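Please look over the briefing below, which goes through selected features of a single protein chain, grouped by topic. It is meant to be read alongside the sequence and the structure.

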Amino acid sequence: MNASTTLKKLGIEQTFNYVYKDPDKNMPKLMDWADKFARGEFASQRKAIREAITDPNHPYYSYIRRIFTEVDPNVSKTLAVNLFINSALVGWQKEEECRKKYDCNIPWAILLDPTSACNLHCTGCWAAEYGHKLNLTFDEIDDIIRQGKELGVYMYIYTGGEPLVRKKDLIRLCEKHSDCVFLCFTNSTLIDEEFANDMLRVGNFVPAISLEGFEEATDGRRGKGVYQKVRKAMELLRSKKLIYGISCCYTSANYESITSEEFYDSLIEMGAYFVWFFHYMPVGNDAVPELLPTPEQRIGVYERIRHYRATKPLFAMDFQNDAEYVGGCIAGGYRYLHINANGDIDPCVFVHYSDSNIREKTLLEALRSPMMMAYHRGQPFNENMLRPCPMLENPQKLRGMVTAAGAHSTDLQSPESVEHLCAKCDPYAEHWKPVADKLWKESQQKKAEQCTNEATEAIIKNNS
């Protein structure tokens, strides 16, 4: 069912059209509709959005208006229906039912690699060397999505390789599964006007463009001229009124530039709607542990990103430091899993160990396999949400799970033993632990004090 049909079925098409006539005046009406259909779920998120759309001084007041004034209505309506109705409301309820029924993790999103191929030759990346040898066929991806939707999954995220090597197939999948959201990590150099027009037509494809920082850092890793190609792609997407975001990996080498206010402001200037920050992971036999951020640098990321997103109109997620908002590690099917171009089902895009392949097992069978059930039984891997990962911050946990499950390495270039991987994480985990424990304790004390103050204010207000 497409977005327009869903809007008519739920009787809210007129609400959307009403908002578009005068966003400043009518956006609260949309939140009235959201409150009605949410059935009490996502209360804090709805409260935050309502505050943002009603307070002109709120940093996201202008951001939300951009969605109604600078994004094509077909795109915004399609994403609103597929993300908030199909994925968050309908899908989440089905996922909860399946979690109880099958006593295993059921993901909210599925990451998959359509291909191992890439059109660039980035430093430190295996994809360009591995070439076009591995691909999930169109029918295989289609079947993964079909199985996912039976479990309530309406969010699919493409990684690679460079997924847009398969862009015609990806658009076909958007058309066939018009009720889903498709996000794609991409270097963006294959985005042209024809593809942008296809994105505009289907409305449910969102690129997350990789940047290493400014021009020197990006070209230094990805090749001369790539940064300008990225800028050109973003200008094209903006001119077509499409939604797009940025993906960044911070290391000990690029920490200062990629987390700087100047860089963050440049993303806002480029028209990005979101940015995802990823912590460097020492995955693979050729990984460089020296690129792991120091404890001081990671604290800097923690503080900077939280400050920026609270004060600037750009939604940011810091995937190693924001675990408290999602209950710890989200891999192993707890909120997502990863399927590579060989069909191997990994618990995480950074944890290349599997006991299942989509060509041999159904998605549900894989979720009930020893490796995935080890995640299910072990999560959260640490009560300190600043130490969520079973690899990076708790490497002894990953050693135990891989060994007990009899999982094998799925690294497509050079198989890596779990001992080799975890040995690179041991020193990091040891150095981060005391810093993280102190930071976590302080943050929880602040939250407790804030809750106490809010409760006191509410009592005074009610008695006045």
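In this predicted model, the count of disulfides comes to zero, and two cysteines, C98 and C425, illustrate how that result arises. The points that follow take up the cysteines, then the nonpolar core, the packing of helices, and a few individual residues.

**Cysteines**

- C98 has its closest cysteine sulfur in C104, at 8.2 Å, and because a disulfide requires the two sulfur atoms to lie within 2.5 Å, that separation is too far for a bond.
- C425 likewise takes part in no disulfide, the nearest cysteine sulfur being that of C422, 5.9 Å away.
- Both residues are shielded from solvent by the accessibility criterion, since C98 counts as buried at 6% relative accessibility, and C425 is buried with a relative accessible area of 0%.

**The largest nonpolar core**

- The largest nonpolar core has 136 residues, and Y158, F205 and L398 are the ones that touch the most other members.
- Helix α19, which spans residues 418-463, gives the most to this core, contributing nine residues.
- F205, once its neighbours within four places in sequence are set aside, is in contact with Y158, L164, L170, C174, F182, C184, F195 and M199.
- Two of these partners of F205, L170 and C174, are also listed among the buried residues of helix α9 (residues 167-176), together with K167, D169, I171 and L173.
- The buried residues of α9 pack against two helices, α8 (138-150) and α10, and against the strands β2 (155-158), β3 (181-186) and β4 (205-211).

**Helix packing**

- Helix α3 (residues 23-37) and helix α4 (residues 43-54) have axes that come within 10 Å and cross at roughly 170 degrees, and because an angle over 145 degrees counts as roughly antiparallel, that is how the two helices are described relative to each other.
- The residues that meet across this pair are M27, P28, M31, D32, A34 and D35 on the α3 side, and R46, I49, R50, I53 and T54 on the α4 side.
- Helix α6 packs with helix α10 (residues 193-202) at an angle of about 55 degrees, their axes being 7 Å apart, an arrangement that makes α6 oblique to α10.
- The contact between them is made by N74, V75 and T78 of α6, together with L200, R201 and V202 of α10.

**R99 in helix α6**

- R99 is placed in helix α6, which covers residues 73-102, and R99 is buried, with a relative accessible area of 14%.
- The side chain of R99 is joined to the side chain of E96 by a polar contact of 2.4 Å.
- Not counting residues up to four places away in sequence, R99 touches W92, C104, I106, Y334 and R335, and C104 is also the residue that holds the cysteine sulfur closest to that of C98.

**I67 and T69 in helix α5**

- T69 lies in helix α5 (residues 61-69), and I67 is found in helix α5 as well.
- Both residues are partly exposed, T69 with a relative accessible area of 46% and I67 at 24% relative accessibility.
- A polar atom of the T69 side chain lies 2.8 Å from the backbone oxygen of R65.
- With neighbours within four places in sequence left aside, T69 is in contact with P23 and K241, whereas I67, under that exclusion, is in contact with Y20, S76 and Y273.
- Separation along the chain and separation in space can be set side by side here: I67 and L242 are 175 residues apart in sequence and 9.6 Å apart in space, C-alpha to C-alpha, while T69 and M371 are 302 residues apart in sequence and 46 Å apart in space, again C-alpha to C-alpha.

**S260 in a loop**

- S260 lies in the loop between α13 (255-258) and α14 (261-269), and S260 counts as buried at 14% relative accessibility, because the cut-off for buried is under 20%.
- A polar atom of the S260 side chain lies 2.8 Å from the backbone oxygen of S257.
- Leaving out residues up to four places away in sequence, S260 touches F214, R304 and Y308.

Notes:
Residues numbered from 1 in each chain as written. Predicted model: local features only at pLDDT ≥ 70, side-chain atom pairs only at ≥ 80, totals over all residues. Heavy atoms only, no water. Helix = DSSP H or I, 4+ residues; strand = E, 2+ residues; numbered from the N terminus. Buried < 20%, exposed > 50% of the residue type's maximum accessible area, 1.4 Å probe, protein only. Contact = heavy atoms within 4.5 Å. Polar contact = N/O pair within 3.5 Å; in protein donor to acceptor, adjacent residues only side chain to side chain. Core = buried A, V, L, I, M, F, W, Y, C linked by side-chain atoms within 4.5 Å. Axes fitted to C-alpha atoms, helices over the stretch in contact; angles between N-to-C directions. Parallel < 35°, antiparallel > 145°, perpendicular 65-115°, else oblique.
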